[in-house]
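I opened this notebook to keep track of what I looked up in one structure, and in what order. The entries begin with the whole chain and then move to single strands and residues.

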Amino acid sequence: IKPDKKQSNTTYLIKYNIMRYLLLILNISIVFHDTVAGLQCYKCDSDASTCDAENPGELVNCPEESQGCRLMTAGGDAMNNTVYLRDCTAETDDSKFACSTTVEEGVIVHECLCKESGCNDNFENAGDQGGGDATTSEHPATRLKCYVCDSEHVPCSDTEHGVETVCEEELLGDRTEQAGCIITKETAAEGTLYRRDCTKIIDEALTCETIEETTVVHTCICQGDLCNKDWSSAGESETTPKPTEKTTGDQTSSATTAAETTVPIGSINNSFNGFILTLVTFLVTFMIL
């Protein structure tokens with residue numbers, strides 16, 4: 001920039017130094033934006049820190065090779081508690097960015113991969129539609145299939161049926177007439193739990209019943225592939241009154257909490273773009289004067 005003949009050297013130096021500082025701020029802002037605008041995921045491990053449905057952990061900047069976020073739970077009768085894991089993922093296969101459930105030796109593993117920043121705070125935001133797909137090997141056509149889910153560990157409700165599972169031969173034997181499906185709803189002051197599973201039929205006990213004690217337990221046992229999808233398919237003619245539910249498990253208030261505390265990435269980008277535009281406009285105007 002050449003000084004105007006009408007301007008003193010002092011005025012020129014002041015303007016020159018001001019422009020240097022403004023350009024420095026512009027460069028720092030661009031570098032900072034490139035850092036924060038990259039992929040961010042929640043990261044936690046319940047084996048090492050507080051990590052559950054309500055506590056998604058810390059929102060961190062992912063490594064450059066990361067392609068998305070991961071949310072996984074592992075639970076079931078074979079485990080003492082439910083394990084939660086959130087992290088970035090370097091998975092490159094687009095077909096893997098979905099939700100799935102696998103059941104093996106009493107362990108239910110539910111996992112979702114998603115691509116948006118912060119999408120792994122809960123299963124709903126990660127794109128879960130309720131249950132996923134089980135990875136199973138080929139089984140004889142005579143083996144019974146039931147829906148399996150437990151709302152303490154994976155999405156499970158009146159409308160979320162769980163994963164289609166071939167009932168274990170070790171538990172039920174090869175005879176189809178020994179095997180049945182069960183759907184249970186347990187209502188207590190703490191909330192409502194849903195469970196679906198395979199079961200062994202004792203004395204041809206295909207029925208629906210409600211037991212009211214400290215908790216209200218409503219159960220239907222049925223026979224036929226995937227008959228425990230809902231109460232009607234399980235053989236109940238009239239649905240019992242449903243108390244007000246306080247859903248437990250993965251479907252908690254974490255989505256609301258995250259929505260209240262997390263600033264959308266799009267709004268950050270819009271604010272940043274406005275700031276850069278204002279700064280550049282000021283620089284151009286300053287140079288013309």
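The entries below cover the chain as a whole, one sheet, two buried polar residues and the disulfides.

**Entry 1: the chain as a whole**

I note at the start that this is a predicted model, and I read each value that follows as computed from it. I looked up the secondary structure of the protein chain, and it comes to 4 helices and 12 strands. I then checked burial, and of the 289 residues of the chain, 37% count as buried. For the surface I found that the protein chain exposes about 17200 Å², with carbon and sulfur atoms supplying 52% of that area. I also went through the contacts between residues at least 6 apart in sequence, and 64% of these join residues at least 24 apart.

**Entry 2: the sheet of 6 strands**

In which order do the 6 strands of the open sheet lie? I read the order as S2-S1-S4-S3-S6-S5, with antiparallel pairing. The edges are strand S2, residues 58–61, and strand S5, residues 99–104, each of which pairs on one side only. From one strand to the next, I find that the twist averages 25°.

I then followed strand S3, which covers residues 68–75 and runs antiparallel to strand S4, residues 83–89, with 7 bridges joining the two. Within this pairing, I picked out leucine 71, whose bridge partner in S4 is arginine 86. Strand S3 also pairs with S6, again in the antiparallel sense and over 7 bridges, and here I noted that arginine 70 stands opposite leucine 113 in S6.

Why do I call S3 largely enclosed by the rest of the structure? I call it so because 7 of the 8 residues of S3 are buried.

**Entry 3: two buried polar residues and tyrosine 194**

Is lysine 185 buried or exposed? I placed lysine 185 in strand S9, residues 179–188, and its relative accessibility is 6%, so it counts as buried, the cut-off being under 20%. I then looked for a polar partner of its side chain, and I found a polar contact of 3.5 Å that joins the side chains of lysine 185 and tyrosine 194.

Tyrosine 194 came up again when I turned to serine 151, since a polar atom of the serine 151 side chain lies 2.9 Å from the backbone nitrogen of tyrosine 194. I located serine 151 in the loop between strand S7, residues 145–150, and strand S8, residues 163–166. With a relative accessible area of 1%, serine 151 is buried. I therefore record tyrosine 194 in contact with the side chain of lysine 185 through its own side chain, and with the side chain of serine 151 through its backbone nitrogen, where both contacted residues are buried because their values, 6% and 1%, fall under 20%.

**Entry 4: the disulfides**

How many disulfides does the structure hold? I found 9, and I wrote up three pairs, among them cysteine 99 with cysteine 112, whose sulfur atoms are 1.9 Å apart. The torsion about the S-S bond of this pair is about 115°, so I note the disulfide as right-handed. Because cysteine 99 lies in strand S5 and cysteine 112 in strand S6, residues 107–114, the pair ties together parts that are 13 residues apart in sequence. I also checked burial for cysteine 99 and cysteine 112, and both are buried.

The next pair I looked up is cysteine 146 and cysteine 181, joined by a disulfide with an S to S distance of 1.9 Å. Its torsion about the S-S bond is about -80°, so this disulfide is left-handed. Cysteine 146 lies in strand S7 and cysteine 181 in strand S9, so the pair ties together parts that are 35 residues apart in sequence. For burial I read 0% relative accessibility for cysteine 146, which counts as buried, and 0% for cysteine 181, which counts as buried too.

I finished with cysteine 222 and cysteine 227, which form a disulfide with their sulfur atoms 2.0 Å apart. With 90° about the S-S bond, I enter this link as right-handed, and I note that cysteine 222 and cysteine 227 are both buried.

Key:
Residues are numbered from 1 along each chain as its sequence is written. This is a predicted model: local features need pLDDT of at least 70, side-chain atom pairs count only at pLDDT 80 or more; totals for chains, interfaces and linings use all residues. Side-chain values use heavy atoms; hydrogens and water are left out. Two strands pair if DSSP finds at least two bridges between them. Axes are lines fitted to C-alpha atoms, for helices over the stretch in contact, and angles run from 0 to 180 degrees between N-to-C directions. Buried means under 20% relative accessible area, exposed over 50%, partly exposed in between (1.4 Å probe, protein chains only). A polar contact is a pair of N or O atoms within 3.5 Å; within protein, one must be able to donate a hydrogen and the other to accept it, and residues adjacent in sequence count only if both atoms are side-chain atoms. A disulfide is a pair of cysteine sulfur atoms within 2.5 Å. Contact means heavy atoms within 4.5 Å. Accessible areas come from the Shrake-Rupley method with a 1.4 Å probe; for residues, only the protein chains shown count as cover.
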